[in-house]
Amino acid sequence: MGWFRAGSSVTKLAIRRTLAQGGSYATRTNVVRTHALYFHTSVFKAKEQSTPMPSTVPLSRLTDTFLDGTSNIYLEELQRAWEADPNSVDESWDNFFRNFVGQDATSPGISGQTIHESMRLLLLVKSYQVNGHMKTKLDPLGLEEREIPDNLNPAFCGFTEADLDREFFLGVWRMAGFLAENRPVQTLRSILTRLEQAYCRSIGYEYMHIADHEKCNWLRDKIETPTPTQYNRQRREVILDRLIWSSQFENFLATKWTTAKRFGLEGGETLIPGMKEMFDRAADLGVENIVIGMPHRGRLNVLGNVVRKPLRQIFSEFSGGTKPVDEVGLYTGTGDVKYHLGTSYDRPTRGGKRIHLSLVANPSHLEAVDPVVVGKTRAKQYYSNDVDRTKNMAVLIHGDGSFAGQGVVYETFHLSALPNYTTGGTIHIVVNNQVAFTTDPRAGRSSQYCTDVAKALNVPIFHVNGDDMEAVVHVCELAAEWRQTFHSDVVVDLVCYRRFGHNEIDEPSFTQPKMYKVSPVIVISAFLVRFQVIRNHMSPLEIYKKKLLESGQVTQEDINKIQEKANTILNEEFLASKDYVPKRSDWLSAYWAGFKSPERLSRIRNTGVKPEILKTVGKAITTLPETFKPHRAVKKIYEQRAKMIETGEGIDWALGEALAFATLLVEGNHVRLSGQDVERGTFSHRHAVLHDQETEEQYCPLDHVLMNQDEEMFTVSNRRFLTSLKHMSHGMGRGLHDANECNFCIYTILVKMRNYVFTDAEQKFAVLGYELGYSMENPNSLVMWEAQFGDFANGAQVIFDQFLSSGESKWLRQTGLVLMLPHGYDGQGPEHSSARLERLLQMSDDNPFVIPEMDQTLRKQIQECNWQVVNVTTPANYFHVLRRQIHRGFRKPLIVMSPKNLLRYKDCKSNLSEFDDVQGHPGFDKQGTRFKRLIKDQNDHSDLEKGIRRLVLCSGKVYYELDEERKKKNASDIAICRVEQLCPFPHDLIQRELKRYPNAEIVWCQEEPMNMGAYSYIAPRLGTAMKELSRGSVEDIKYVGRYPSASIATGFYQVHGNEQTELVQKAIQPEPINYPF
């Protein structure tokens, strides 16, 4: 592809003029096979004109280069047309031919430069732009051996030593850098020297895969400068100071804690000055907030030197730390290791500004934090009204092995240009150790670079030798400028090394016994001798000090002063750390002021809404514009919803949800819903976004609840594919009109279409992580993620395990994220039946053998639990559980086992009076109208019913089947109660029902197999409640449900029906239930 692009631009300059005169592209596409790649080229049809066209070329000749006769024929005919009439060709060709024949021209040129030489010279420059990185000295250890492409040799392009001191003109119309028209005439030797300086020293640029002429020209202007970038003395002193701090910090930790894991940055110390310079430049360009995500390597150095976490606090954590116990209401959680923790700080920049830095806490699961950081950044942009996305920026630091190996990196990249997910570009920094734990790159990836995954998008990649301090600074600043200019992602590949093992107490000789031997060994791979080379390799600080001393700009005395100052401060902070006592945690940002930690009681609030408000918003979300023409089935649905609001009866699931959203919006809260098919709903029930059947215009009723409502106040997003395709075609379209840059556009669009379809359908890990990060920024928002089926949620299991279930305990960070996981057995097989409820309940941290304080005025049970799991059975209760997420003084994740067939079930309806706050209406009790953790039997039983022989406890849609069977059998001596909130367990309400039915046998009924579902969670807690009332123990609980199974459900619909009928009939049978089966 590089060869094709390198040669093609010359001819395309002439084609541009022909296009302007009325040419047209044929629909036929030729597919040319070259080196096992298929290139799509359009065939041009010319109208009558004076400019000659190339002669017909056989298909077999299309693989020829522009150095052969095929192209010469075209150029010779073009020259003859110019000789007949100079005005018949483009101005650029007019200038070129004037130079060629020695006439005066409007652009500078040189007599005697032939067409062949011009083409070959253009090809040589293009070759450096495309493949120059292959010649770059990237490996600080000098162990990497790479084959240099032949096209970087001038002889390959037909030049000899005799040509080196000849002068050439390179100017090309609308090109930047070395090919710019305003560049002076230069000798071939000077051209080659500058090409080597720009592309083949310590920085390797990859950007020619970007099909955007403007972006490529911008980069050429930055890269192909007339002279190399040089820093003055003042800048160099700042860079030196920052590098000394980076190195001294690691040395200090290694001296004080010789056997502690710290995952130091030795070998990559230039990261710290590079990041600081990047942030300074970003602040100069308007950035005010930066959210950072990174793995454990170098994290302590970034915390201390970049984000400015107090050094005494870091040192205290090394010494074991002190858990604060003297502050009332201070929640400390279980904590985490020091190299997983985050912090935030306002730091001054070199330019005199201040910038807020946030380092997000993360687990050891590499790259899992990536989408969390991006989501948090998007939320910051929303709440700060950063419409242009220039004030808030995300920076992600990666390892080389994880960047190439973890799929979430690819997923996060593909969120970057999607309208409801873009943050205006993320800067990615790869700390490239050239080894992943103990794995050689050749065994860890199939691509040449670990960053090749970024080429799937139009992302520039800057490879840089980590030992070249000023080159690192240059690319870091360039990355910040790119991000602020084009609002898209950029990658900095910091090629360095790891001076020690995976961590400081790791023993690499277990797996690489020859690596640490000082004596020479037979070289069998670069990896086996890497650490031998490292032993004798100068550190980045030593290299930079040597460079500055040789330049004469810095003296040894200057260096000593900086080092002494750093050591003095480090020692002072170390002494202070011995008496350091953690203060009140800074775990809540400004938006979270007043919210309660788990140790501070938060009063329960009502969630009912005034009837007039319900009517008003109900009308707003069921009324469509008169000129809007929805699908007739959707129109009917909205007419039915309007009738429900008008009559106040028969509110279904979708309308109950819409009322929850609308009432929260009216109260000033932000509502965001994303996931798979959420606009329409997987089961075609929601219809939040409507499509005009004639104009394809879209209309979202929830965007019109308030006057002049902010368009992003309610966000519902699965419009990713179509909008992204439009975005791609727009970018590619610019390329199609740009003859110099756009090659293989059809092929690229097809590839990206495939990738974006994947993004919409399968991207659970990244999207759930994104929404988690979004929800952590501001508590006054209802942020939800819905799976297509709950079964698919385990594609994001890392987010469940490492963030949602344990994040507050480990990192003192709250989130009110809501997860809706469709769950229920209705014969759709083992992949469409279960959200794996048992796994979620297993991770719940409430003690099954202790009944917590349940008094209304003292209860903190839900605050002290790690999350909430509900299986709701009425639209009204769903309405209240969503509103409860906002109407409380703390935040907890909420997992909803959302229904499927209940969405349209005839009995699964609520009256509007169950949503309001009017005393005496259904749902209003002693405390008011709120979410019901348990729904008692609906047969108006008294507080004491001795005649009830069986109490069936269940959860979810099986209730309706049990109730129907009870009515059929007229089993009035059986009571059925629904446990709507499974976790935390409603001990008080369960005991209330146990007291109500003193003679009843206790049954737990579920659809899931015995080893799944809620049974293993419910049984010990129900047994504890029974034991306290002297009603028996866990052995007295009767189980009704499916047999234990390896598979979630049967794939045979008839078998499913038989199983379902059997368990329902067994729960209602007149005989006592034998347990277990």
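1. A good place to start is helix α33, which covers residues 1053–1068. Keep in mind as you look that this is a predicted model. The helix has 16 residues, and its first and last C-alpha atoms are 23 Å apart, close to the 22 Å expected at 1.5 Å a residue.

2. Which residues of α33 are buried? They are H1056, Q1060, L1063, V1064, K1066, A1067 and I1068. The buried residues of α33 pack against four strands, β24 (950–954), β25 (974–979), β27 (1001–1009) and β28 (1037–1042), along with helix α30 (958–969).

3. Next, the nonpolar cores. The largest one has 142 residues, and the members that touch the most others are L659, F800, L821, L962 and W1004. Helix α21 (residues 653–666) gives the most to this core, with nine residues. A second, separate core has 93 residues, among them I191, F249, L253 and M393.

4. L821 is worth a click. Leaving aside residues up to four places away in sequence, L821 touches W785, A787, G790, A793, F800, A835, L840, I895, V896, M897 and S898. One of these contacts, F800, is also on the list of core residues that touch the most other members.

5. Now the rings. How many aromatic pairs does the structure hold? There are 22 aromatic pairs. In one of them, W218 and F486 meet edge-to-face, with 5.4 Å centre to centre and 90 degrees between the planes. Since W218 lies in helix α6 (residues 213–223) and F486 in helix α15 (residues 469–486), the pair ties together parts that are 268 residues apart in sequence.

6. Are these two rings buried or exposed? W218 has 16% relative accessibility, so it counts as buried. F486 counts as buried too, at 14% relative accessibility. The cut-off behind both calls is under 20%.

7. For a stacked pair, look at W653 and Y878: 4.8 Å centre to centre, with 15 degrees between the planes. This pair links distant parts of the chain, with W653 in helix α21 and Y878 in helix α29 (residues 875–884), 225 residues apart. Both W653 and Y878 are buried.

8. Some other ring features to check. Y199, Y205 and F462 form one aromatic cluster. The ring of Y774 has the charged end of R672 sitting over it, 4.6 Å from the ring centre. R978 lies over the face of Y960, at 6.0 Å from the ring centre.

Conventions. Residues are numbered from 1 along each chain as its sequence is written. This is a predicted model: local features need pLDDT of at least 70, side-chain atom pairs count only at pLDDT 80 or more; totals for chains, interfaces and linings use all residues. Side-chain values use heavy atoms; hydrogens and water are left out. A nonpolar core is a set of buried Ala, Val, Leu, Ile, Met, Phe, Trp, Tyr and Cys residues joined through side-chain atoms within 4.5 Å. Buried means under 20% relative accessible area, exposed over 50%, partly exposed in between (1.4 Å probe, protein chains only). Helices (H or I, at least four residues) and strands (E, at least two) are DSSP runs, numbered from the N terminus. Contact means heavy atoms within 4.5 Å. The expected span of a helix is 1.5 Å times one less than its number of residues. Rings of Phe, Tyr and Trp (its six-membered ring) pair if their centres lie within 6.5 Å; planes under 30 degrees apart count as stacked, over 60 as edge-to-face and the rest as tilted. A charge sits over a ring if NZ of Lys or CZ of Arg is within 6 Å of the ring centre and within 35 degrees of the ring normal.
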